[in-house]
There are 2 protein chains.
Amino acid sequence: MIIEKKDSDNFQNRRVDPDLIIKGGTVITMSGDMEPIRDAAVFVTDGIITDIREINVNDHFPDLKAEIIDAHDAIIMPGLINAHSHTAMTVFRGIADDLPLKKWLFEKIFPAEARFLNPDTVYWGALLGCLEMISSGTTCLADGYFFQDSTVQAVHESGLRALIAQGVIDFPAPGVDDPRKNLETAQKFIEKWIGFSDLITPGIFCHSPVTCSRQTLTGAFKISKDFGLPLQIHLSETSEEVNEIMKQEGVRPVHYLDRIGLLDSSLIAAHSIHLDPEEMEILSKKGVRIAHVPESNMKLCVGTARVSKMAGMGLDIGLGTDGCASNNNLDLFQVMDIAAKLSKVIDLDPVSLDAKTVLAMATSRGASVLGLERDTGTLEKGKKADIIVVDTHAPHLCPIYDPFSAIVYSANGADVKDVIVNGKVLMKNREFKTLDKTEIMAQVNNISKSITI
Amino acid sequence: MIIEKKDSDNFQNRRVDPDLIIKGGTVITMSGDMEPIRDAAVFVTDGIITDIREINVNDHFPDLKAEIIDAHDAIIMPGLINAHSHTAMTVFRGIADDLPLKKWLFEKIFPAEARFLNPDTVYWGALLGCLEMISSGTTCLADGYFFQDSTVQAVHESGLRALIAQGVIDFPAPGVDDPRKNLETAQKFIEKWIGFSDLITPGIFCHSPVTCSRQTLTGAFKISKDFGLPLQIHLSETSEEVNEIMKQEGVRPVHYLDRIGLLDSSLIAAHSIHLDPEEMEILSKKGVRIAHVPESNMKLCVGTARVSKMAGMGLDIGLGTDGCASNNNLDLFQVMDIAAKLSKVIDLDPVSLDAKTVLAMATSRGASVLGLERDTGTLEKGKKADIIVVDTHAPHLCPIYDPFSAIVYSANGADVKDVIVNGKVLMKNREFKTLDKTEIMAQVNNISKSITI
């Protein structure tokens, strides 16, 4: 079966040889009818997918000078998209677990961030996060944090695709001692990095409607509009936040954000837990994008997002890991498994959030959430080559009756064999090609020795 | 630090050289004060742990002829214990997902079992399950299924420790066409295998109080008592089951089982979801053991066990995977992570089921549940050497502030480097020493081609 040529494609007519061929596996495109293509190959030229088609198992393409990735018996699929993360928080992984939320945040995490975050720790922490994401099949991430020049530098070195947003909060924050300067800092960050790389989109991340004033929220929104960029925010993560907004504004958070003009398709609302049906309806009408982070929500016990209900209303929902202080890893395979199972428990319905739907949330839908659906999220001719190969030579991936089930319910990040972003191989046979694992882990281990909370 | 000598130990006075030394890592004993021992080694002679102590990093033990397992920078801990599984169901892994429970069970799984289970499929399916358990750090399992001679054979070849129970149900079942012969079949199974191996304990598994008559239940209980063996059962997995018993017997299932004399410390009750506080109190008083299977419960959406409440009542609770048709893998690391997070959601308390508690459920408590606490579940002098080594040279295990957190919230089965059972190395540097992975996977893949439902 050959993937249908899209009208926008002109690759059929270009005489270009592929420089990368991923060959011999089952391709899950996550586009069209989503029917897996067996014994197929994906051809890549200049970072773009130029063809996906069945091949003869004996095809070796000796005339082509392309790099060959052997995907024999493997699953070739779009790289996973992490729709919500604070990548550099790897430096705080597991430092404060099994605690009440307020104690965790105000006695542990905020003080740790204030004391130990600096351009150096964020750089190494973000590099470690990139290493972990590559090792578990993530090719694109949305990040919101502080000292974001360091995150840009780390992500750039890693070769990952990313939306990297400068954190904005109306308190003294790491790197922004005077909160009156938070918007200015964010604008400068965007100006510095916009256009720097095809792979990196800068942006703003407002911490929440409670921790940012109306002025800050609308100011951030204006900046994001001026540059045509998404705006990230934590929305209704806790019931306390909802109560606080009700007290301050007399309405629930979504109504408040609607009133101040923040709701449109450029807003990425992470968590989105404590929403009433009317709020969901408004978010849906306005085209707001949702980042669902089930592992963090469960671990911090903040509540449970009604994901299948929101998906049923047509909302675009992606999956995120959140930071490593509340998850404690960046493995989106685990997030998919837990998202599917948690939804069933919450809906009291074993049919809720099936494997295909949840895999779409981690790929094609995730790309939409980040506004990157023209580039990534599916394997189609003309899209950027953001591809992972999942090795199925593992006992827990045997047998495979349904590759979607195998990916969501049986696989884990360690099954990912090869990772390609924008046509560049970042991991091959589990060997990192852009990052020095030993150096990064040594640096973070060293940093961790000075961190006590 | 040297582990305290127990009164029952006589190893201090025996002049025996170790035949196996696991050296250089952080030891989590899961006994005593549970304080990790850094830069330590575990010494094993004739399958028994003879010493656990700090060593000098340069100690190479050149005079000893022992096999050395390098655990430098790794975590050395008790092997995990799977308190509830149907191992051979790997052949049905992912064959019927995201379906309503009744359709899943009556239209898919029961017919598939009737058509495709035979001594051969159970043998290869169980071998695959053993392979997967070894690869993810499980050293001991409780299994209940049919054609159990095949499971015994497979587990015996694998070198794992196991409680293997013949399934009993009052319907025609795989291998037992006439349900009137189910107890006789179970008794013969026990007679055949009792004393066969130190590692394998045979037993009986009653499918449930609904699918087994009072006569079958009491008959099975009598047989288990006659041989001094545990009795496994599915207890209150669904609300339908509770309603059915209420209709038939006028009381809830625990009261019913109490009335017919089934409740004592030899009963292992899997699921144990739909229990009222009085039922939990009775189970606690009678010393019944619980096998908690959160992943399967979530996926089939049967309900949520009140684990922290039951643990607070003093009930011994272990963790299980259930079969691969409802999980869909046998990775107890994932089960630990989900057990901790689900408990927090259910209790609305982020402190519920902390990392240490959940790790105890997968090790020391799990051993108690299976009645094997004298042999396994902790690393102590005099115990059997059931040990795993978790490699921490992975991005997602960096940094480690707390090894318990790292194991429960960050690690996965693929991080397990070495597996030792009864002093025998079953996996070394992820290479299987007892089982032929290629052959087993080829056989199960071949079997799966004939399975259509």
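Okay, let's start where the two chains meet: between chain B and chain A there are four salt bridges. Keep in mind as we go that this is a predicted model. One of the bridges to look at is A:Lys344 with B:Asp98, where the closest N and O atoms are 2.6 Å apart.

Salt bridges are just part of the polar story here. Counting residue pairs in polar contact between chain B and chain A, with both residues at pLDDT 80 or more, we get 26. And which elements of chain B are doing the touching? Those giving two or more residues to that side are α2 (119–135), α9 (294–300), α11 (332–347), α14 (403–410) and α15 (437–450). The top contributor on that side is α11(B), with seven residues. If you sort the chain B side by class, you find 31 nonpolar residues, 16 polar ones and 14 charged ones.

Now, how much surface is that? The area buried between chain B and chain A comes to about 4,600 Å², and carbon and sulfur atoms give 62% of it. Remember B:Asp98 from the salt bridge with A:Lys344? Together with B:Pro395 and B:Tyr401, B:Asp98 supplies 16% of the area chain B buries against chain A, and no other three residues supply more. As for residue numbers, chain B brings 61 residues to the contact and chain A brings 61.

Those matching numbers lead us to symmetry. Turn chain B by 180°, with a shift of 0.0 Å along the axis, and you can lay it on chain A with an RMSD of 0.0 Å. So the two copies are related as by a two-fold rotation axis. If you want to find that axis on screen, go to B:Ala414: in chain B, its C-alpha is the nearest to the axis, at 3.3 Å. Both copies use the same surface, too, with 100% of chain B's contact residues recurring in chain A.

Alright, let's go inside one chain. Chain A is divided into two domains: domain 1 covers 3–78 + 385–432, and domain 2 covers 80–369. Taken over C-alpha atoms, the centres of these two domains are 30 Å apart. Their contact involves 26 residues from domain 1 and 28 residues from domain 2.

What about the buried area in this case? Between domain 1 and domain 2 of chain A it is about 2,200 Å², with carbon and sulfur atoms giving 72%. Three residues to click on are A:Met30, A:Val408 and A:Tyr409, which supply 28% of what domain 1 buries against domain 2, more than any other three.

How many salt bridges link the two domains of chain A? The count is one. While you're looking at chain A, pick out A:Asp386 and A:Arg161, whose side chains meet in a salt bridge at 2.6 Å, N to O. For polar contacts across this domain interface, we have five residue pairs, again with both residues at pLDDT 80 or more.

On the domain 1 side, the elements supplying at least two residues each are β5 (75–78), β14 (387–390), α14 (403–410), β15 (416–421) and β16 (424–428) of chain A. The one giving the most is α14(A), with five residues. And by class, that domain 1 side divides into 20 nonpolar, four polar and two charged residues.

One last thing to try on screen: find α14 in each chain. In chain B, α14 is among the elements that touch chain A, and in chain A, α14 is on the side of domain 1 that touches domain 2.

Terms used. Residues numbered from 1 in each chain as written. Chains lettered and ligands numbered in written order. Predicted model: local features only at pLDDT ≥ 70, side-chain atom pairs only at ≥ 80, totals over all residues. Heavy atoms only, no water. Contact = heavy atoms within 4.5 Å. Buried area = accessible area lost by both parts, 1.4 Å probe. Polar contact = N/O pair within 3.5 Å; in protein donor to acceptor, adjacent residues only side chain to side chain. Helix = DSSP H or I, 4+ residues; strand = E, 2+ residues; numbered from the N terminus. Nonpolar A, V, L, I, M, F, W, Y, C, P; charged D, E, K, R; others polar. Least-squares fit on C-alpha atoms with pLDDT ≥ 70 in both. Domains from an automatic or database assignment.
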